[in-house]
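Me: I would like to go through this model term by term. For each label, tell me what earns it.

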Amino acid sequence: AERLVDDGTIPHRLDFVACSGARIEHLYQSGPGTNGPPWNEDAQISHLDERTALVTVGIGGNNLDFGPLIADCVVKHFILSSCEDAYDEQVFDALMALLDHSSGLNRFQQLYADIRFRAWRGRGLVLGYPRFFPLDGGSDWWSSGLLVPRCQNIRVSDQLWINYKVHQLNTAIAASARSMGLTYVDIE
């Protein structure tokens, strides 16, 4: 994309401020700080203004701790219990916290409204999350358990549960984005 800007094909400047591990609240914070993000940059949302032509944002999975959850599923194997048994309530509570609309808008809607307000001339694209596993789950011979089919040490039932949680998150993201006038991009 930078090449397209450099050769004049795209008459805009690219401002890439994405980062790994960000939560919604980090988009509003400069770092580093005790409560801020670990990177030493301005708040990501501050990069938007009336000259912004296109905003792409994908956020929410870190608020649900998907990364550590899947790592625990792989590392701990959950032979006697499932990842669903261990984490379903935690993921549900985190999703409900994102969807809390007691102040008028849920956290996604507030972020998308802020994007629209700052980049009011631009187009906003909100990305969902990809499905982590095949639709029916998957198993492979090198990590399947003796009694429970697995893929990368995650049992099929937990793969289906994780896919369902990704789908629930994407549904919330899509509905919130559309309600604020942004375009949802389904990559599931």
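The exchange below takes the labels one by one.

Reply: This is a predicted model, in which local features need pLDDT of at least 70, side-chain atom pairs count only at pLDDT 80 or more, and totals for chains, interfaces and linings use all residues. Residues are numbered from 1 along each chain as its sequence is written, and side-chain values use heavy atoms, with hydrogens and water left out.

Me: How many helices and strands are in the protein chain, and what makes a run count as one?

Reply: Helices are DSSP runs of H or I with at least four residues, strands are runs of E with at least two, and both are numbered from the N terminus. By that rule the protein chain has five helices and five strands. Along the sequence the pattern reads α-β-α-α-α-β-β-β-α-β.

Me: What makes E1 and E2 a pair?

Reply: Two strands pair if DSSP finds at least two bridges between them. E1 and E2 are joined by four bridges and run parallel, so they pair under that definition. Val55 stands opposite Gly124 in E2.

Me: Which side chains of E1 are buried?

Reply: Buried means under 20% relative accessible area, exposed means over 50%, and partly exposed lies in between (1.4 Å probe, protein chains only). Side chains alternate along E1: Val55 and Val57 point to one face and are buried, whereas Leu54 and Thr56 point to the other face and are not. In the protein chain, buried residues make up 38% of the 188 residues.

Me: What makes a set of residues a nonpolar core, and which members touch the most others here?

Reply: A nonpolar core is a set of buried Ala, Val, Leu, Ile, Met, Phe, Trp, Tyr and Cys residues joined through side-chain atoms within 4.5 Å. The largest one has 40 residues, of which Tyr112 and Ile115 touch the most other members. Strand E1 (54-57) and helices H2 (66-76), H3 (83-99), H4 (107-118) and H5 (156-179) each supply at least two residues of this core. H5 gives the largest share, eight residues. In soluble globular proteins, nonpolar side chains tend to be buried together.

Me: Which residues does Ile115 touch?

Reply: Contact means heavy atoms within 4.5 Å. Not counting residues up to four places away in sequence, Ile115 touches Ile45, Leu48, Val55, Val57 and Leu182.

Me: Why is the pair of Phe66 and Phe132 called edge-to-face?

Reply: Rings of Phe, Tyr and Trp (its six-membered ring) pair if their centres lie within 6.5 Å; planes under 30 degrees apart count as stacked, over 60 as edge-to-face and the rest as tilted. The structure holds two aromatic pairs. Phe66 and Phe132 are 5.7 Å apart centre to centre, with 65 degrees between the planes, so the pair is edge-to-face. Phe66 sits in helix H2 and Phe132 in the loop between strand E2 (123-127) and strand E3 (150-151), 66 residues apart, and the pair thus links distant parts of the chain. Phe66 is buried because its relative accessible area is 5%, while Phe132, at 32%, is partly exposed.

Me: Why is the pair of Phe108 and Tyr112 called stacked?

Reply: Their centres are 6.1 Å apart and their planes differ by 15 degrees, so the pair is stacked. Both residues lie in helix H4, four residues apart, about one turn of the helix. Phe108 has 0% relative accessibility and so is buried; Tyr112 is also at 0% and buried.

Me: How do you know that Ser176 is buried, and what is in contact with Ser176?

Reply: Ser176 is at 2% relative accessibility, so it counts as buried. Ser176 lies in helix H5. Leaving aside neighbours within four places in sequence, Ser176 is in contact with Asn106, Phe108, Gln109 and Tyr112.

Me: Where does Ser82 lie, and how do you know that it is buried?

Reply: Ser82 lies in the loop between H2 and H3. Its relative accessible area is 7%, so Ser82 is buried. Not counting residues up to four places away in sequence, Ser82 touches Arg155 and Asp158.

Me: Where does Gln44 lie, and why is Gln44 called buried?

Reply: Gln44 lies in the loop between helix H1 (2-6) and E1. Gln44 is buried because its relative accessible area is 8%. Leaving aside neighbours within four places in sequence, Gln44 is in contact with Val17, Ala18, Cys19, His26 and Leu27.
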